[in-house]
Amino acid sequence: MKIKISLILITLFILISFTKKNEVVKVIPRAKSEKLESKSIIGDFDGDKKTDTLFEIHTSGDYKKVITEVPFIDEYDNMVDYYFKNSIRTSLKSSNNKIKNLDLGISFGVYCLINIGDNNNDKKDEIALVIDYCDYSSLNSCIIYSFCNNNWEIIKHFTINENSFDYIESEKLEPNKINNYLEKKDGKWFYADALEIFRSYDTIMKMKRLKIKKCQ
């Protein structure tokens, strides 16, 4: 027993001897949880001439519990499994109780949430968003909603590539546009459809005027 203890002490002495005197080993604690982002926009979404706030919320277990954070998970596959097993859904909630929640399904949240104003002259603001699905595809859609007949309805959608939301630390994404796919010029909105560009073999991204029909 004494021999074993002596060997342990000798080993510790050797390790300490090879450590620089002024060297400090910093241990960075691993984050136990990750906060969920909550984007929000303001506008008149029901045409009552009053400004409301529309904000992103996350729920677990089929709307039973509102959550603001999830456990920190390294692997993307495990993260996807966690969201589906716990039924973590994204919804849009309004400060106006007359406007119903908009359920966006199981997802990590939304890449963007944009008030694009009243484009169809129905005295209500439309919204454009891209859902961050729990999937393995970079092909996605920009969906445009309008609050029609006391319910949210999809009135237009077009394909985009999620690489529009990639950026390096020295750059910052603009909150009111989707790079290469949706932007406002001279007071008017323009868009480009990724699938249309692919089918036409066009190497130049051409944007078209965004035209939106009124609610049915």
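In this predicted model, C134 is a buried residue, with a relative accessibility of 9%. C142 is likewise buried, at 0% relative accessibility. The sulfur of C142 is too far from any other cysteine sulfur for a bond, since the closest, that of C112, is 6.0 Å away; a disulfide would require the two sulfur atoms to be within 2.5 Å.

Which cysteines, then, form a disulfide? The search of the whole structure finds one such bond, and it joins C148 to C215, with 1.8 Å between the sulfur atoms. The torsion about this S-S bond is about -55°, and the disulfide is therefore left-handed. C148 belongs to strand β9, which covers residues 139-148, whereas C215 lies in the segment after β13 (208-209); the bond therefore ties together parts that are 67 residues apart in sequence. The two partners can also be described by their accessibility. C148 is buried, at 0% relative accessibility, while C215 is partly exposed, with a relative accessible area of 24%.

C142 leads from the cysteines to the interior of the protein. The largest nonpolar core has 20 residues, and C142 is among those that touch the most other members, together with I114, I116, F158, I178, L182 and L210. Elements that each supply at least two residues of this core are β7, β8, β9, β10 (151-161), β12 and α3 (194-199). The largest share comes from β7, which gives three residues. As a general background, nonpolar side chains tend to be buried together in soluble globular proteins.

Strand β7 deserves a closer look. Of its 16 residues, 12 are buried, and the strand is thus described as mostly covered. It pairs with strand β6 (residues 89-94) in the antiparallel sense, over three bridges; L92 has L102 of β7 as its bridge partner. Strand β7 is also joined to β8 by eight bridges, and these two strands run antiparallel. Within β8, E126 stands opposite G117. Pairing of this kind, parallel or antiparallel, is made through backbone hydrogen bonds between the strands of a sheet.

Strand β7 also takes part in the largest pocket, which holds about 830 Å³ of space. The pocket is lined by 35 residues, and those closest to its centre are E37, K39, V110, Y111 and D132. Which element supplies the largest share of the lining? That element is β7, with six residues. At least two lining residues each come from β1 (33-35), β2 (40-43), β3 (52-60), β5 (69-71), α2 (76-85), β7 (102-117) and β8 (126-133). By residue type, the lining divides into 19 nonpolar, six polar and 10 charged residues.

A further part of the structure is an open sheet of three strands, in the order β11-β12-β13 and with antiparallel pairing. Its edge strands are β11 (182-185) and β13, each of which pairs on one side only. Four bridges connect β11 with strand β12 (residues 188-191), again in the antiparallel sense. One position in this pairing is given by K184, whose bridge partner in β12 is W189.

Terms used: Residues are numbered from 1 along each chain as its sequence is written. This is a predicted model: local features need pLDDT of at least 70, side-chain atom pairs count only at pLDDT 80 or more; totals for chains, interfaces and linings use all residues. Side-chain values use heavy atoms; hydrogens and water are left out. Buried means under 20% relative accessible area, exposed over 50%, partly exposed in between (1.4 Å probe, protein chains only). Two strands pair if DSSP finds at least two bridges between them. On a 1 Å grid over the protein atoms alone, a cavity is a set of points where a 1.4 Å probe fits but cannot get out, and a pocket is an open set with protein on both sides within 12 Å along at least five of seven lines; lining residues have an atom within 4 Å of a point. Grid points are joined across faces, edges and corners, and a volume is the space filled by probe spheres set on the points. Ala, Val, Leu, Ile, Met, Phe, Trp, Tyr, Cys and Pro count as nonpolar, Asp, Glu, Lys and Arg as charged, and the others, Gly among them, as polar. A nonpolar core is a set of buried Ala, Val, Leu, Ile, Met, Phe, Trp, Tyr and Cys residues joined through side-chain atoms within 4.5 Å.
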